[in-house]
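Dear colleague,

I am handing over the structure below, and would be grateful if you could look through it alongside my notes.

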Amino acid sequence: VQLQASGGGLVQAGASLRLSCVASGRTTSSYAMGWFRQTPGKDREFVAAINWSGGSTLYSDSVKGRFSISRGNAKNAVYLQMNSLKPEDTALYYCAVGRTLFGSAQSMGDMTSIEYWGQGTQVTVSS
């Protein structure tokens, strides 16, 4: 599976961005998908996840209420709508696919459950 992420950019605090991630090479419609982020010198951290059907989501406390994750109709894409962006949201954002068939959103919180990673898209929020 290849994951192509896009939509990052440089914005001011309070602005919105929408990240997209499209999977190719194999269907991901039966697997959970999610977003993680990483800044230099820090561990990669969980941001949001959605289960295989799109019916359940999970968010980190730091983005809850501001970010929204969704899946495309064909379930081979995942999106992250980011509103009210803050400078602390600045990071390289990675999309991911879980390894468990019919996986839950909760399963994506454990990085050992990740089967595939995208290449990352940079989000920079200026104050």
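What follows is a description of one sheet, one arginine and the aromatic pairs.

Please keep in mind that this is a predicted model, in which local features need pLDDT of at least 70 and side-chain atom pairs count only at pLDDT 80 or more, while totals for chains, interfaces and linings use all residues. Residues are numbered from 1 along each chain as its sequence is written, and side-chain values use heavy atoms, with hydrogens and water left out.

To begin with the sheet, four strands (E runs in DSSP of at least two residues, numbered from the N terminus) form an open sheet in the order β1-β3-β8-β7, with antiparallel pairing, where two strands pair if DSSP finds at least two bridges between them. Because β1 (2-6) and β7 (67-71) stand at the edges with a single partner strand each, one side of each is left without a neighbour in the sheet. Between β1 and β3 (residues 17-24) the antiparallel pairing runs over 5 bridges, and glutamine 4 stands opposite valine 22 in β3.

Turning to arginine 37, this residue belongs to strand β4 (residues 31-38) and, at 6% relative accessibility, counts as buried (buried means under 20% relative accessible area, exposed over 50%, and partly exposed in between, with a 1.4 Å probe and protein chains only). The side chain of arginine 37 makes polar contacts with the side chain of serine 62 at 3.3 Å and with that of aspartate 89 at 3.0 Å; such a contact is a pair of N or O atoms within 3.5 Å, of which, within protein, one must be able to donate a hydrogen and the other to accept it, and residues adjacent in sequence count only if both atoms are side-chain atoms.

As for the aromatic residues, the structure holds 4 aromatic pairs (ring centres of Phe, Tyr or Trp, the last by its six-membered ring, within 6.5 Å; planes under 30 degrees apart are stacked, over 60 edge-to-face, the rest tilted). One of them joins phenylalanine 36 and phenylalanine 46, whose centres are 5.6 Å apart and whose planes stand at 75°, so the pair is edge-to-face; both residues are buried. The rings of tyrosine 94 and tryptophan 117 have centres 6.4 Å apart and planes at 85°, so this pair is also edge-to-face. Tyrosine 94, at 12% relative accessibility, is buried, whereas tryptophan 117, at 33%, is partly exposed. Phe36, Phe46, Tyr94 and Trp117 form one aromatic cluster.

With best wishes
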